[in-house]
Amino acid sequence: MRTFDYTVVIWKERDAYVSKCPELGVASCGDSITEAKENLKEAVELYLENAEALGLLEDVEESLTAQEKYTSHAEVVR
C-alpha cells in the first residue's frame, strides 16, 4: 500500500466551504472546514480507487508523490 500526499485548498462560498485537490481536479464541500476536508479525502480515495481499477494510477502518481510542492497566493486587480 502506498501513501499519497495531496494538496487541500479550502475556501468559503456563501453558506458552505468548498475543498479542492488541485493535483487531481477533485472537489467537494462541507458545512465546516473540517467537514469539507474530510469529504475531499473521501472523494480523493474514490478517485484513486477508480484510477487504479482503470489502470490509470500511474498517470497521477507523480503529482501525489512529489517531494517538493509549493503553494502561493496572488492577486489581480481589474
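Which residue in β3 does C21 stand opposite? In this predicted model, C21 stands opposite V26 of β3, and this pair belongs to a sheet that can be described strand by strand.

The sheet is open and consists of 3 strands in the order β1-β2-β3, with antiparallel pairing. Its edge strands are β1, covering residues 9-13, and β3, covering residues 26-30, each of which pairs on one side only. Averaged over the sheet and with direction ignored, neighbouring strands are turned by 25 degrees against each other. Helix α1 packs on the sheet, where it touches β1, β2 and β3, and the direction of α1 makes about 145 degrees with that of β3. In general, the strands of a sheet pair through backbone hydrogen bonds, in either a parallel or an antiparallel manner.

Between β1 and β2 (residues 16-21), which run antiparallel, there are 5 bridges. Among the bridge partners across these two strands, K12 is matched with Y17 of β2, while W11 is matched with V18 of β2. The two strands form a hairpin with 2 residues between them, and in its turn R14 adopts a positive phi of about 50 degrees. On the other side of β2, the antiparallel pairing with β3 is likewise made by 5 bridges. Here too the strands form a hairpin, with 4 residues between β2 and β3, and G25 in the turn has a positive phi of about 75 degrees.

Side chains of opposite charge can pair when their charged atoms come close. The count of salt bridges in the model comes to 2. One of them is formed by R2 and E61, whose closest N and O atoms are 2.8 Å apart. This pair links distant parts of the chain, since R2 lies in the segment before β1 and E61 lies in helix α2 (residues 57-65), a separation of 59 residues.

The largest pocket encloses about 370 Å³ of space. Its lining is made up of M1, R2, T3, F4, Y6, K41, V44, E45, L48, E49, E52 and L57. Helix α1, which spans residues 33-53, supplies the largest share of this lining with 6 residues. By residue class, the lining of the largest pocket divides into 6 nonpolar, 1 polar and 5 charged residues. R2 therefore appears in two descriptions of the model, as a lining residue of the largest pocket and as the salt-bridge partner of E61.

Notes:
Residues are numbered from 1 along each chain as its sequence is written. This is a predicted model: local features need pLDDT of at least 70, side-chain atom pairs count only at pLDDT 80 or more; totals for chains, interfaces and linings use all residues. Side-chain values use heavy atoms; hydrogens and water are left out. On a 1 Å grid over the protein atoms alone, a cavity is a set of points where a 1.4 Å probe fits but cannot get out, and a pocket is an open set with protein on both sides within 12 Å along at least five of seven lines; lining residues have an atom within 4 Å of a point. Grid points are joined across faces, edges and corners, and a volume is the space filled by probe spheres set on the points. Ala, Val, Leu, Ile, Met, Phe, Trp, Tyr, Cys and Pro count as nonpolar, Asp, Glu, Lys and Arg as charged, and the others, Gly among them, as polar. Two strands pair if DSSP finds at least two bridges between them. Axes are lines fitted to C-alpha atoms, for helices over the stretch in contact, and angles run from 0 to 180 degrees between N-to-C directions. Contact means heavy atoms within 4.5 Å. A salt bridge is a side-chain nitrogen of Lys or Arg within 4 Å of a carboxyl oxygen of Asp or Glu.
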